[in-house]
Amino acid sequence: MERSIETQVSQAVDAWLLWLPRWQPATHRGRVAPCRRCFGSPVLSAAGLGADVPHGVQHGLSTRVKTIVDRAVAEYTSLNLPMLQAELDQQSARNRARTYRPTEGLDPEFEGLPLDPDPVPGAPFLFTISGMAEEAAASVPDLPPLSDEAKAALRQEVGLADDYANMVGREICTILLHHRLRIQNAVHEYVEPQIEAMLEELTRSLDAPFDPYDPPSE
């Protein structure tokens, strides 16, 4: 029996709550560009995860919710949008033909994140993961071109799929409102103490930039 959207959302929140105690603040340099999946997300707003919550915490939940939307849209497409389904099947077959697929099989906390760190001026990379993925994709033949009529019909079906995705997304946001309290309690228990510890350590380092036990320099 197919699980309801409400059950799937509850299970996604449960999984996120089980993962959250393992979260730790990132120690590497932050990225300049905001995450397209999380920035301004109505899902995160409904869950009560505002801009003051670290992105890693947000991303783990938004990705799990996106999986629910994707699954619902895939089912709707297979039942109602034959042209779009055929196009997706061809694209899936093309993707499987690639020899290197670094974005597949990732944990929800890493899915959708950039494959490579931001470049450092004056220090170019010898190679990048995204570059190797592009090379592997370039070796696979392109899909056959569509006629103008087929393109118009495909655009119409894509629009219907987008409308359905938005409808499912709104339903999920309504359901998430009922989970806000336990989400916020978990953030208060597992996330805020780590952030406070980091700020306290930063304050100490700014107040005492030198070790008081070091001998004075001559």
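A residue counts as buried when its relative accessible area is under 20%, as exposed when that area is over 50%, and as partly exposed in between. The legends below use these words for a predicted model.

**View A. Y100 beside A136.** This close-up is centred on Y100, a residue of the loop between helix 4 and helix 5. Is Y100 buried, partly exposed or exposed? Its relative accessible area is 29%, so Y100 is partly exposed: the value falls between the 20% and 50% cut-offs. Now find A136. Its C-alpha atom is 5.9 Å from that of Y100. Along the chain, 36 residues separate Y100 and A136.

**View B. A nonpolar patch on the surface.** L126, F127 and M132 make up this patch. The patch covers about 380 Å². Look at F127, which sits in the loop between helix 4 (82-96) and helix 5 (129-138). The relative accessible area of F127 is 58%, so F127 counts as exposed. The cut-off for that word is over 50%.

**View C. The second largest pocket.** The volume of this pocket is about 970 Å³. Its lining is made of 35 residues. Which residues lie nearest the centre of the second largest pocket? They are R37, K66, V69, D70 and E111. Helix 2 (42-47), helix 3 (55-80), helix 4 and helix 6 (148-176) each give two or more residues to the lining. Helix 3 supplies the largest share, with eight residues. The lining is mixed in class: 14 residues are nonpolar, 11 are polar and 10 are charged.

**View D. Salt bridge between R182 and D14.** Side chains of opposite charge can pair when their charged atoms come close. The model has five salt bridges, and one of them joins R182 to D14. The N to O distance in this pair is 2.7 Å. What does the pair of R182 and D14 tie together? R182 belongs to helix 7 (residues 180-207) and D14 to helix 1 (residues 5-19), so the bridge ties together parts that are 168 residues apart in sequence. R182 has a relative accessible area of 31% and is therefore partly exposed. D14, at 33%, is partly exposed too.

**View E. Salt bridge between R64 and E109.** The side chains of R64 and E109 form a salt bridge. Their closest N and O atoms are 2.7 Å apart. This pair links distant parts of the chain. R64 is in helix 3, E109 is in the loop between helix 4 and helix 5, and the two positions lie 45 residues apart in sequence. Are R64 and E109 buried or exposed? R64 has a relative accessible area of 13%, so R64 is buried. E109 has a relative accessibility of 11%, so E109 is buried. Both values fall under the 20% cut-off.

**View F. Salt bridge between E104 and R101.** Here E104 pairs with R101. How far apart are the closest N and O atoms of E104 and R101? The distance is 3.0 Å. E104 is partly exposed, with a relative accessible area of 41%. R101 is partly exposed as well, at 31% relative accessibility.

**View G. Q90 and L143.** Two residues are shown here, and each has its own place in the fold. Q90 is part of helix 4. L143 lies in the loop between helix 5 and helix 6. How far apart are the C-alpha atoms of Q90 and L143? They are separated by 7.4 Å. Along the chain, Q90 and L143 are 53 residues apart. Q90 reaches 37% relative accessibility, so Q90 counts as partly exposed. L143 has a relative accessible area of 24%, and L143 is therefore partly exposed.

Key
Residues are numbered from 1 along each chain as its sequence is written. This is a predicted model: local features need pLDDT of at least 70, side-chain atom pairs count only at pLDDT 80 or more; totals for chains, interfaces and linings use all residues. Side-chain values use heavy atoms; hydrogens and water are left out. Patches are made of residues with over 30% relative accessible area and no salt bridge: like charges are joined within 9 Å, nonpolar side chains (Val, Leu, Ile, Met, Phe, Trp, Tyr) within 5 Å. Accessible areas come from the Shrake-Rupley method with a 1.4 Å probe; for residues, only the protein chains shown count as cover. A salt bridge is a side-chain nitrogen of Lys or Arg within 4 Å of a carboxyl oxygen of Asp or Glu. Helices (H or I, at least four residues) and strands (E, at least two) are DSSP runs, numbered from the N terminus. Buried means under 20% relative accessible area, exposed over 50%, partly exposed in between (1.4 Å probe, protein chains only). On a 1 Å grid over the protein atoms alone, a cavity is a set of points where a 1.4 Å probe fits but cannot get out, and a pocket is an open set with protein on both sides within 12 Å along at least five of seven lines; lining residues have an atom within 4 Å of a point. Grid points are joined across faces, edges and corners, and a volume is the space filled by probe spheres set on the points. Ala, Val, Leu, Ile, Met, Phe, Trp, Tyr, Cys and Pro count as nonpolar, Asp, Glu, Lys and Arg as charged, and the others, Gly among them, as polar.
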